[in-house]
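Let's take a walk through a protein model together, one stop at a time. Keep the sequence and the 3D view side by side, and look up each residue as we reach it.

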Amino acid sequence: MPELKMPANLPDPIINENAKIVLQRRYQRKDTEGVVYETVKEMFWRVASAIAQEEGKYKESSVKPAALAREFYDLMTSYRFLPNSPTLMNAGTDIGQLAACFVLPVADDIEGIFDAVKHAAMIHKSGGGTGFSFSRLRAKDSVVGSTGGVASGPLSFLRIFNCATEQIKQGGTRRGANMGILRVDHPDIMEFIKAKERDGELNNFNLSIGLTEQFMQAVNDRAEYDLVAPNTGKTVGTLNAREVFNILVQKAWESGDPGIVFLDRINRDNPTPSLGEIESTNPCGEQPLLPYEACNLGSINLGKCFAKGKNGKDSEIDWDELKRIIHLSVRFLDNVIDASVYPLDQITEMVGKNRKIGLGVMGWADLLYQLKVPYNSQTAVDLAERVMKYVQAEARSASKQLAKERGEFPTYAESTFGKANLGPYRNATTTTIAPTGTLSIIAGCSSGVEPLFALSFVRNVMDNDKLVETNPFFEAALKEADAYSGKLMEEIAKVGSIRKMDHLPEHLRHVFVTSMDIEPIWHLKMQAAFQKFTDNAVSKTVNLPNSATKEDIWDIYWKAYEYGCKGVTVYRDGSKTSQVLCTGDGD
Ligand code: CDP
């Protein structure tokens, strides 16, 4: 489709310095010589136009593509909402693949395994990330029928996926990211748990252990549990659940890997169990998907939903504005499904059936700073629930509205929504909280629902560019308190936090907390609060100080289960020389 004509009066977007670099490197279009020929304004218009044009094919639509393109343009360039990176990179281009998240099946035969390697390569090339369950692969040393030889097991194949990813540097887009999951009852589970103990090993993978209710019960009861051969369904051994859990915790303490996902819980929320079981998530864990399913994400910048003095109050959330943004964003993401060209027919088919979208939030820490609510407080946790409940309810209401205009998702009748007569909806899921590693740089906001890593710091953007950044709300509060000075900023950049700076006003030290100032339990409570009202999952890292013990991590893993999270990832300060993903390095 030819691009819609850019309106003559279209305002230029305001772009922060870090965003300029990131956008130029990876998002703005380049010619064959690598020279950027697209301005940021043209980039946003390309995206707005391509996504709005999908509206044209729905006869019942109340909105006209040209007017909608302008609304989308304003929505993105005011940084109230941004779609995931592949949409910004590829909308309206020949690549046309717009989703960030995919899950591929790995079958227990050589052809199936190498099909998955090939399909992952195709997805990585377009900027998407892939998740796999390796649980179907027979255990190491089991017999291979066709040759009489022995199988090499999930781990050795995982290395092939890792190596293939390494070689595809995603010409022009970004480095491939993967999630590898193995069920805790797979016979090779101990080897998998230890797979990343050497630094740099499987560097293109995040690994998670798929825990079952039965296993968690066995941990609780200090009982043995069965290991089951996936190819025969036979029990081939037993392990002590608590010992396995302890080693899992030990490895996570050493390096942050592996994380854990609660498979049964994820499947309890599977909206279309008739289409199969969910066995994996995308690379950063926030999007559980069926094999061959893909999902596009988008994030609302909550920092922009602060209203000072509205309705005569001191400060509050602008709920009406939030509602407007949610409804527009859901329409945007639903159009992205149609605008996207998927690399495989099986994916096109699966996406068409469920039409999943993942609308989430970023700038949460920025909003709390403006509201003067400390992240590590019950007030913040309660507010998280309130905000996400609203986002989920309004996103679903927007999806219902779209179903009226365009029809429900094709598998609605057999879905859990259909069976409970809750819809009809246009989308099988509507909410997901992504890490927003790059989006938050573009929008100049705090990432996802994470607290700020530092109030002022030097950021390494992609390769070697160093940029100093100070949180704007912190800077404003310092100025308001007459405490701002260049020297102070330098001091803060060295340590990140103001917790120990006694000379600063107490009210500032109370509100402007950073991730390391926050007790791990508050990280987890916050994750659980957002999860409660998120259809898919929440990307969140529970940050721990270097001094954290294995018992601390044991406690976090166990409480994540108790609090109803779908998984958890921890990171103990300094336990890894280089972080793999989602650290906001724009990679
Ligand atoms: O901010 P951005 O849209 O670039 O991505 P994100 O929110 O940090 O990550 C969302 C998802 O994008 C991840 O869970 C992956 O599925 C995918 N991703 C990827 O494939 N490769 C990366 N280097 C980063 C993210």
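Start with a pair of opposite charges: Asp334 forms a salt bridge with Arg355, and their closest N and O atoms are 3.1 Å apart. Asp334 sits in helix 11, while Arg355 is in the loop between helix 12 (345-354) and strand 14 (357-362), so this pair links distant parts of the chain, 21 residues apart. Both Asp334 and Arg355 are buried. They also belong to something wider, since salt bridges that share partners join Glu54, Glu55, Lys57, Arg331, Asp334, Asp338, Arg355, Glu405, Arg406 and Arg426 into one network. Before going on, please remember that this is a predicted model.

How many salt bridges are there by this rule? The count comes to 36. Another one to find is the bridge in which the side chains of Glu197 and Lys251 meet, at 2.7 Å from N to O. Glu197 lies in the loop between helix 7 (189-193) and strand 5, and Lys251 lies in helix 9 (residues 241-255), so the pair ties together parts that are 54 residues apart in sequence. Is Lys251 buried or exposed? Lys251 counts as buried because its relative accessibility is 10%, and the cut-off for buried is under 20%. Glu197 is partly exposed, with a relative accessible area of 45%.

A further salt bridge brings together the side chains of Arg198 and Glu201, at 3.6 Å from N to O. Here Arg198 is exposed, with a relative accessible area of 60%, and Glu201 counts as partly exposed at 21% relative accessibility.

Now turn to strand 5 (residues 205-211), where you will find Asn206. This residue is buried, because its relative accessible area is 17%. A polar atom of the Asn206 side chain has a partner in the backbone: the oxygen of Pro283 lies 2.9 Å away from that atom.

Next, look at helix 3 (residues 65-77). Its 13 residues reach 18 Å from the first C-alpha to the last, close to the 18 Å expected at 1.5 Å a residue. Which residues of helix 3 are buried? They are Leu68, Ala69, Phe72, Tyr73, Leu75, Met76 and Thr77. The cover over these buried residues includes helix 2 (40-53), strand 1 (81-83), helix 4 (85-90) and helix 11 (319-339). You met helix 11 earlier, as the home of Asp334.

For a single buried residue and its surroundings, go to Leu368 in helix 13 (residues 364-371). Leu368 counts as buried because its relative accessibility is 2%. Leaving aside neighbours within four places in sequence, Leu368 is in contact with Val373, Tyr375, Ala380, Leu383, Val511 and Met526. Leu368 and Thr379 are 11 residues apart in sequence, and their C-alpha atoms are 10 Å apart in space.

Let's move to the surface. Ile110, Phe114 and Ile160 form a nonpolar patch there, with about 260 Å² of accessible area together. Phe114 has its place in helix 5 (residues 110-125), and this residue counts as partly exposed because its relative accessibility is 38%.

Our last stops concern the backbone itself. Most residues other than glycine have a negative phi, and most peptide bonds are trans. Where does a positive phi turn up just after helix 3? It is at Tyr79, with a value of about 55°. Arg222 also has a positive phi, near 55°; this residue is in the loop between helix 8 (213-220) and strand 6 (224-228) and is exposed, with a relative accessible area of 57%. For Tyr292, phi is positive too, near 70°. Tyr292 is in the loop between strand 10 (288-289) and strand 11 (294-301), and at 22% relative accessibility this residue counts as partly exposed.

Finally, look for cis peptide bonds. One joins Asp257 and Pro258, with omega about -5°, and Pro258 lies in the loop between helix 9 and strand 8 (259-262). The peptide bond from Gly423 to Pro424 is also cis, with omega near 0°. Pro424 lies in the loop between helix 15 (416-419) and helix 16 (439-443).

Key
Residues are numbered from 1 along each chain as its sequence is written. This is a predicted model: local features need pLDDT of at least 70, side-chain atom pairs count only at pLDDT 80 or more; totals for chains, interfaces and linings use all residues. Side-chain values use heavy atoms; hydrogens and water are left out. Helices (H or I, at least four residues) and strands (E, at least two) are DSSP runs, numbered from the N terminus. Buried means under 20% relative accessible area, exposed over 50%, partly exposed in between (1.4 Å probe, protein chains only). A polar contact is a pair of N or O atoms within 3.5 Å; within protein, one must be able to donate a hydrogen and the other to accept it, and residues adjacent in sequence count only if both atoms are side-chain atoms. Patches are made of residues with over 30% relative accessible area and no salt bridge: like charges are joined within 9 Å, nonpolar side chains (Val, Leu, Ile, Met, Phe, Trp, Tyr) within 5 Å. Accessible areas come from the Shrake-Rupley method with a 1.4 Å probe; for residues, only the protein chains shown count as cover. A salt bridge is a side-chain nitrogen of Lys or Arg within 4 Å of a carboxyl oxygen of Asp or Glu. The expected span of a helix is 1.5 Å times one less than its number of residues. Contact means heavy atoms within 4.5 Å.
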